[in-house]
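Subject: Structure for your records

Hello,

Here is the structure I said I would hand over. My notes on it follow below.

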Amino acid sequence: MADSKDLAKDNTPVKIGLNKVVSFHYRLAEVAPDGSHGDWMEESYDGQPLHYLHGFHNVVVGLERALEGKGIGETIEITLKPEEAYGPRKEGAQQRVPLKHLQLRTGDSKIHPGSLAAVQTDKGMRSVVVVKVGKFNADVDFNHPLAGRTLYYEIEVVDIREASAEEIAHGHVHGPGGHHH
Ligand code: ZN
């Protein structure tokens with residue numbers, strides 16, 4: 001029995017499409033060359049669902065495509081190649097940055113090779129993986145940590161709503177789970 005908020009004004013179920021704000025839970029694992037997938041690397045089920053504005057590439061292209069036309073409560077299982085997800089790994093993406101410019105992820109107290117961190121660049125905050133740590137500088141890799149990987153996703157659509165005109169103008173979600181500015 002559909003909740004009334006799951007229905008559009010003409011009583012058809014709301015489906016994911018352009019200018020909809022979508023909330024979803026996910027978990028993802030890396031797919032091995034033999035097609036098996038290992039342990040979950042990331043998941044949202046221990047916290048809030050993710051929110052994104054459909055049609056604006058707020059999520060990786062393969063996910064956006066798979067979510068198109070889905071309704072609240074629907075689930076998706078999908079395997080995405082790197083080019084549908086975080087792209088191939090690029091060579092020459094390592095750079096030396098001052099330690100004081102690195103922000104460790106919350107929960108990490110000490111920087112070490114393999115740490116995930118954020119760096120302020122002229123293109124905004126970027127996620128990096130720490131490769132080597134020196135006294136004042138660290139060598140970091142600007143490839144997305146999931147670049148070059150084939151990923152298996154399990155997705156559950158939690159909510160769908162119309163985006164506000166402001167959200168559409170900005171190209172992202174505002175409010176809980178979105179941008180605050
Ligand atoms: Zn905004």
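A nonpolar core here is a set of buried Ala, Val, Leu, Ile, Met, Phe, Trp, Tyr and Cys residues joined through side-chain atoms within 4.5 Å. Please keep in mind that this is a predicted model.

The cores

The largest nonpolar core has 22 residues, of which Leu-63, Tyr-153 and Ile-155 touch the most other members. At least two residues each are supplied by strand 1 (20–31), helix 1 (61–67), strand 4 (75–80) and strand 10 (151–162). Strand 10 gives the largest share of this core, five residues. Leaving out residues up to four places away in sequence, Ile-155 touches Phe-24, His-25, Tyr-26, Leu-63, Leu-67, Glu-74, Thr-75 and Ile-76. Another core lies apart from this one; it has eleven residues, including Val-119, Val-128, Val-130 and Ala-138.

Overall layout

The protein chain contains two helices and ten strands, in the order β-β-β-α-β-β-β-β-β-β-β-α along the sequence. Its C-alpha trace spans about 65 × 45 × 30 Å along the principal axes. The domain assignment gives domain 1 as 4–86 + 147–170 and domain 2 as 94–141, and the C-alpha centres of the two lie 28 Å apart. Of the 181 residues in the chain, 35% count as buried. Taking contacts between residues at least 6 apart in sequence, 60% join residues at least 24 apart.

The zinc site

Which residues hold the protein donors of the zinc ion? They are His-170 (ND1), His-172 (NE2), His-174 (NE2) and His-181 (NE2), at 2.0 to 2.1 Å from the ion. The angles among the four donor atoms run from 100 to 124 degrees, and the site is tetrahedral. In sequence, the spacing of the donor residues is H-x1-H-x1-H-x6-H. Two of these donors fall into separate accessibility classes: His-170 is partly exposed because its relative accessibility is 37%, whereas His-172 is buried because its relative accessibility is 16%. The cut-off that applies is 20%, under which a residue counts as buried.

Two polar side chains

His-54 sits in the loop between strand 3 (50–53) and helix 1. Is His-54 buried or exposed? With a relative accessibility of 2%, His-54 counts as buried. The side chain of His-54 makes a polar contact of 2.8 Å with the side chain of Glu-68. Not counting residues up to four places away in sequence, His-54 also touches Ile-16, Gly-17, Leu-18, Asn-19, Lys-20, Val-22, Glu-64 and Leu-67, with Glu-68 again in the list.

Asp-139 belongs to strand 9 (residues 137–141). Asp-139 is buried as well, since its relative accessible area is 13%. A polar contact of 2.7 Å links the side chain of Asp-139 to that of Arg-96. Beyond four places in sequence, the residues in contact with Asp-139 are Gln-95, Arg-96, Val-129, Val-130, Val-131 and Lys-132. Val-130 in that list is also a member of the eleven-residue core.

Regards

Note on methods:
Residues numbered from 1 in each chain as written. Predicted model: local features only at pLDDT ≥ 70, side-chain atom pairs only at ≥ 80, totals over all residues. Heavy atoms only, no water. Helix = DSSP H or I, 4+ residues; strand = E, 2+ residues; numbered from the N terminus. Buried < 20%, exposed > 50% of the residue type's maximum accessible area, 1.4 Å probe, protein only. Polar contact = N/O pair within 3.5 Å; in protein donor to acceptor, adjacent residues only side chain to side chain. Contact = heavy atoms within 4.5 Å. Domains from an automatic or database assignment. Donors = N, O, S within 2.8 Å, 3.2 Å for Na, K, Ca; no water. Tetrahedral: all angles 85-135°; square planar, octahedral: opposite > 155°, others 65-115°.
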